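Subject: The structure we talked about

Hi,

Here is the structure I promised to hand over. Please open it beside this email and follow along as you read.

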Amino acid sequence: MRTALEHREPDRIPLDFGSTAVTGIHVSCVAALRDYYGLAPRPVKVHEPYQMLGLVEDDLRAAMGLDVTGVLPRKTMFGFPAADWKEWNFHGLDVLVPGDFRTRTEPNGDILIFPEGDETAAPSGRMPMGSAFFDAIIRQPEIDDERLDPADNLEEFGPISEDDLDHIERTVRAAGGSGYGMAAAFSGTAFGDIALVPAPFLKNPKGIRDVAEWYMSTRTRRGYIHRIFERQCEISIENLARIHTRIGDAVDCVFLCGTDFGTQTSAFCSVATFRELWFPYYKRVNDWVHAHTAWRCFKHSCGSVERFLESFIEAGFDIINPVQCSAAGMAPAELKRKYGSRLVFWGGGVDTQKTLPFGTPQEVREEVLRRCEIFAPGGGFVFNSIHNLQAGTPVENIVAMLDAVHQFDGVSHA
Amino acid sequence: MPDPVKLREAVIEGDWKTAAAVTQAAIAAGVAPLAIVTGYLVPAMDEVGRRFECEEYFVPEMLLSARAMKASMDIVRPLLAAAGAEPVGRVVIGTVKGDLHDIGKNLVASMLEGGGFEVIDLGADVAPERFIEAAAANSANLVALSALLTVTMTSMKTTIDAFQAAGLREKVKIMVGGAPVTQQFADAIGADGYGQSAGAAVAVARKLVAA
């Protein structure tokens, strides 16, 4: 993986599944893969209940032929630690969930989940009956523009706790010597990530927490958002410094921000808006990382983002994910030609909107081989599907995807 | 005399307070409610759609314009109903069962309303039977289904099949949209129309109700 990140062609394409919350696997797929590879039968841990992502443990990582392990956040999106596991039945599948994963089933079958596991608080997430994921419940207090205080939108951004530092150090040390590449998510460095705006991890979120209101505020309350980003930037750099003091350069890359700038056919803002509102803060964080560490900066943004890639590079991002080739203007060969020597493509391996969930294993195989032919030459490619493997993806297709990568590399696994 | 042209500008610029104030003033001055819709709101939202299509506008600007249009429509709508004005069409819209994503659906609903349609918005996570009940109760001639997730796209087919089973499939046109949805998928599940964007959805809807 390190060779690939240095834009040199490695002996085989590094493969990631499960190292971050944007390159993960739905718990039902993790269970199916464990079964497929004949691994010890045991309930899979749901390390991230928001997206119901299952933990990829060492035995599955080896069976799938993966090359990356992750420093996952200590706390989940619902604000409780991913620890003290207990049994839970998810649509007939026995899984393990964190001890503070507390839910209430509504009369219509919807499942509500509580922030910090506090059942006296208003629920902050809902999984509709028959669905496979939670979504944030919008809890927007009435907005009085005269009294809006950036501190209200900064509640979740503060000095990193000793518990978090211990968790990071422990995880890094445990993975040290494993030979795997290491991707880390340290939290707090995502500027205006729309998944985080509703703050499902807080009991009483204040400020602007409604998704549509936030988007509109990027036009109408730009000064307010600048003040949030400004302070968040200072806090995150202080936190990154403390983390680096603890773990040094032991991780290879840091997943810094998951704010989506692309839609399927267009963008969430113009390049000019991006450069005015986001670019200065990204650049400051990335510049600090590059000046003080050997970490590489990992940016996630779904959708049609070709127009932003030059700015991402200028802002100091080294890695782009998930490389949504199905979105407008995201043709893989063109991306590789224009940006391949300057940006690592961490994703783009196979389409997850159509081919992987609905195609045949042969169609999956053919698409994966085509993508590897485009992205692999010269390095700068870490294989991952385009975003997480979603619930309902046939295990045969996942295996066909992995086998195709291994076939491309000329190696045999499992 | 108020200047209703300012209403068009207010909607395009996303200024809901001005949009509401100009609408109130226009009504007080005797401008016909239907003239406000057809003369100002529809052209304004057409312009917003055009700007979105050519990427002068993005989601935030669309949301602001939609809010301004709604502020005006909230004043005009009861008067239209009282006057018995007929909309371009009646559309029941919702995000399908299992899917809670509603920003795209809300934008399409606003664009349709701004396009002269009466919109019955059922929200998100809508079961097939609720679409059927609402379509029947409101004598809708159009049903618009939204999905963001690959795992909920299948609910679109379930909903279309439910209209068939209820014997109502021939009475309504059904259009679909959402990030993972394609024309090919729309054709495969037997939808009548597919809109790639909020602006395109209005053109599709107009074509379907005219057919």
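A good place to begin is helix α5 of chain A: among what covers its buried residues are α6 (222–247) and α7 (271–277) of chain A, together with α4 of chain B. Before going further, please keep in mind that this is a predicted model.

Which residues of α5(A) are buried? They are A:Trp214, A:Tyr215, A:Met216, A:Ser217 and A:Thr218.

The two chains meet as follows: 27 residues of chain A are in contact with 18 residues of chain B. Helix α5 (residues 211–220) of chain A gives the most to chain A's side of this meeting, with 7 residues. Sorted by class, the side of chain A that touches chain B has 11 nonpolar, 13 polar and 3 charged residues.

Now to chain B by itself. Chain B is divided into domain 1 (5–83) and domain 2 (90–210). The centres of these two domains of chain B, taken over C-alpha atoms, are separated by 24 Å. How many residues of domain 1 of chain B are in contact with domain 2 of chain B? There are 13, and they meet 11 residues of domain 2. On the domain 1 side, α3 (33–53) and α4 (59–83) of chain B each supply at least two residues. The largest share of that side, 8 residues, comes from α3(B). By class, the touching side of domain 1 of chain B divides into 9 nonpolar, 2 polar and 2 charged residues.

Chain B also has an open sheet of 5 strands, with parallel pairing and the order β2-β1-β3-β4-β5. Its edge strands are β2 (118–121) and β5 (193–194) of chain B, each of which pairs on one side only. Inside the sheet, try tracing β3 (residues 142–146) and β4 (residues 173–177) of chain B: they run parallel and are joined by 5 bridges. One pair to look for is B:Ala144 with its bridge partner B:Met175 in β4(B).

Chain A has strands to compare. Strand β5 (residues 93–97) of chain A pairs with β1 (residues 44–48) of chain A in the parallel sense, over 2 bridges. There, A:Val44 has A:Val95 as its bridge partner. With β4 (residues 86–90) of chain A, β5(A) pairs in the antiparallel sense, over 5 bridges, and A:Glu87 stands opposite A:Leu96. β4(A) and β5(A) form a hairpin with 2 residues between them. In the turn, A:His91 has a positive phi of about 50°.

Last, have a look at helix α12 (residues 361–375) of chain A. With 15 residues at 1.5 Å a residue, α12(A) should span 21 Å, and its end C-alpha atoms are indeed 21 Å apart. Its buried residues are A:Val364, A:Glu367, A:Val368, A:Arg371, A:Cys372, A:Ile374 and A:Phe375. Why do the buried residues of α12(A) line one face of the helix? Seen down the axis, they fall within an arc of 160°, so one face holds them. It helps to recall that an α-helix has 3.6 residues a turn, so residues three or four places apart point the same way. The face turned away from the buried side of α12(A) carries the exposed residues A:Gln362 and A:Glu373. The buried residues of α12(A) pack against α10 (332–339), β14 (344–346), α11 (355–358), β15 (381–382) and α13 (395–409) of chain A.

Enjoy exploring, and write back with any questions.

Best wishes

Definitions and conventions:
Residues are numbered from 1 along each chain as its sequence is written. Chains are lettered from A and ligands numbered from 1 in the order in which they are written. This is a predicted model: local features need pLDDT of at least 70, side-chain atom pairs count only at pLDDT 80 or more; totals for chains, interfaces and linings use all residues. Domain bounds come from an automatic or database domain assignment. Two residues are in contact if their C-beta atoms, placed from the backbone, lie within 7 Å. Helices (H or I, at least four residues) and strands (E, at least two) are DSSP runs, numbered from the N terminus. Ala, Val, Leu, Ile, Met, Phe, Trp, Tyr, Cys and Pro count as nonpolar, Asp, Glu, Lys and Arg as charged, and the others, Gly among them, as polar. The expected span of a helix is 1.5 Å times one less than its number of residues. A residue is buried if 20 or more other C-beta atoms lie within 10 Å of its own, exposed if 12 or fewer, and partly exposed in between; C-beta atoms are placed from the backbone. The arc is that of the directions from the helix axis to the C-beta atoms. Two strands pair if DSSP finds at least two bridges between them.
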